[in-house]
Amino acid sequence: MSEPVRLPFDPIARASELWRARWGADSRSLSMATATSIMRVQQLLLARFDAIAGRHGLTFARYEALVLLAFSRSGRLSMSRIGERLMVHPTSATNIVQRLVAQGFVERVPNPTDRRGAFAVITDAGREAMEAVTADLEAVDFGLGMLDDDAHRALFELLRTVRVGARDFDA
């Protein structure tokens with residue numbers, strides 16, 4: 001994983017100042033800075049997670065699918081359920097599963113109640129890869145080791161408020 005460019009200033013804080021100067025004190029410069037910060041943190045974390053998962057032949061998206069399957073009661077889920085739980089388009093879920101099948105981490109089995117449908121079933125190799133990535137993510141504290149437990153709780157609640165406000169789920 002390449003290191004991010006280290007600027008001698010915070011570009012998001014600078015953008016907020018420029019925003020305020022351009023559109024005035026009543027503009028939503030703080031909202032812009034907050035949203036941009038969230039997106040930047042997501043980029044940083046995803047790059048790190050993909051690098052970690054990559055050491056085990058996965059992307060973070062495929063790792064998430066394996067975790068989802070491992071969390072299911074029977075180790076298998078329908079394609080539609082995978083897409084729903086991962087909050088991705090069904091085509092993306094199918095693509096993820098196809099790649100996991102090609103790697104031997106998942107098997108597709110017919111759905112006996114839906115002739116057109118199939119279940120994705122995690123294999124032993126898939127469980128091993130998932131456990132290895134999980135151990136590596138835990139070892140780096142999911143890239144958030146600079147936060148203490150109180151900061152984690154506060155940040156989670158703040159972001160949950162945004163998710164509830166966006167109707168991401170039924171609260």
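In this predicted model, Glu17 and Arg14 are joined by a salt bridge whose closest N and O atoms are 3.2 Å apart. Both residues belong to helix H1 (residues 11-23), where a spacing of three residues places them about one turn of the helix from each other. Glu17 is partly exposed, with a relative accessible area of 39%, and Arg14, at 39% relative accessibility, also counts as partly exposed. Side chains of opposite charge can pair when their charged atoms come close.

The structure holds five salt bridges, among them the three listed here.

| Salt bridge | N to O distance |
|---|---|
| Glu17 and Arg14 | 3.2 Å |
| Arg81 and Glu84 | 3.8 Å |
| Asp168 and Arg163 | 3.1 Å |

The bridge between Arg81 and Glu84 lies in helix H4 (residues 79-86), and its two partners are three residues apart, about one turn of the helix. Arg81 counts as partly exposed, at 35% relative accessibility. In the bridge between Asp168 and Arg163, Asp168 is partly exposed with a relative accessible area of 35%, while Arg163 counts as partly exposed at 34%.

Aromatic side chains provide another set of contacts, and a search of the whole structure finds four aromatic pairs. One of them is formed by Phe49 and Phe60, whose rings are tilted, with 4.9 Å from centre to centre and 45 degrees between the planes. Because Phe49 lies in helix H2 (residues 29-54) and Phe60 in helix H3 (residues 60-71), this pair ties together parts that are 11 residues apart in sequence. Phe49 has a relative accessibility of 10% and therefore counts as buried, and Phe60, at 13%, counts as buried too. Phe60 also forms a tilted aromatic pair with Tyr63, for which the values are 5.6 Å centre to centre and 35 degrees between the planes. Phe60 and Tyr63 are three residues apart in helix H3, so about one helical turn separates them, and both residues are buried. Together with Phe142, the residues Phe49, Phe60 and Tyr63 form one aromatic cluster.

A further contact with an aromatic ring involves a charged side chain: the charged end of Arg76 sits over the ring of Phe119, at 4.3 Å from the centre of that ring.

On the surface, Ile38, Leu155, Leu158 and Leu159 form a nonpolar patch, and these residues together have about 340 Å² of accessible area. Helix H7 (residues 149-165) gives the most to this patch, with three residues. Leu155 has its place in helix H7 and is partly exposed, with a relative accessible area of 37%.

As for the fold as a whole, the secondary structure of the protein comes to seven helices and three strands, which follow the pattern α-α-α-β-α-α-β-β-α-α when read along the sequence. The C-alpha trace spans about 60 × 35 × 30 Å along its principal axes. A compact globule of 171 residues would have a radius of gyration near 16 Å, whereas the value for this protein is 20 Å. Of the 171 residues in the protein, 27% are buried, and Phe60 and Tyr63 of the aromatic cluster belong to the buried residues.

Key: Residues are numbered from 1 along each chain as its sequence is written. This is a predicted model: local features need pLDDT of at least 70, side-chain atom pairs count only at pLDDT 80 or more; totals for chains, interfaces and linings use all residues. Side-chain values use heavy atoms; hydrogens and water are left out. Rings of Phe, Tyr and Trp (its six-membered ring) pair if their centres lie within 6.5 Å; planes under 30 degrees apart count as stacked, over 60 as edge-to-face and the rest as tilted. Helices (H or I, at least four residues) and strands (E, at least two) are DSSP runs, numbered from the N terminus. Buried means under 20% relative accessible area, exposed over 50%, partly exposed in between (1.4 Å probe, protein chains only). A charge sits over a ring if NZ of Lys or CZ of Arg is within 6 Å of the ring centre and within 35 degrees of the ring normal. Patches are made of residues with over 30% relative accessible area and no salt bridge: like charges are joined within 9 Å, nonpolar side chains (Val, Leu, Ile, Met, Phe, Trp, Tyr) within 5 Å. Accessible areas come from the Shrake-Rupley method with a 1.4 Å probe; for residues, only the protein chains shown count as cover. A salt bridge is a side-chain nitrogen of Lys or Arg within 4 Å of a carboxyl oxygen of Asp or Glu. The radius of gyration is taken over C-alpha atoms; the globule rule is 2.2 Å times the number of residues to the power 0.38.
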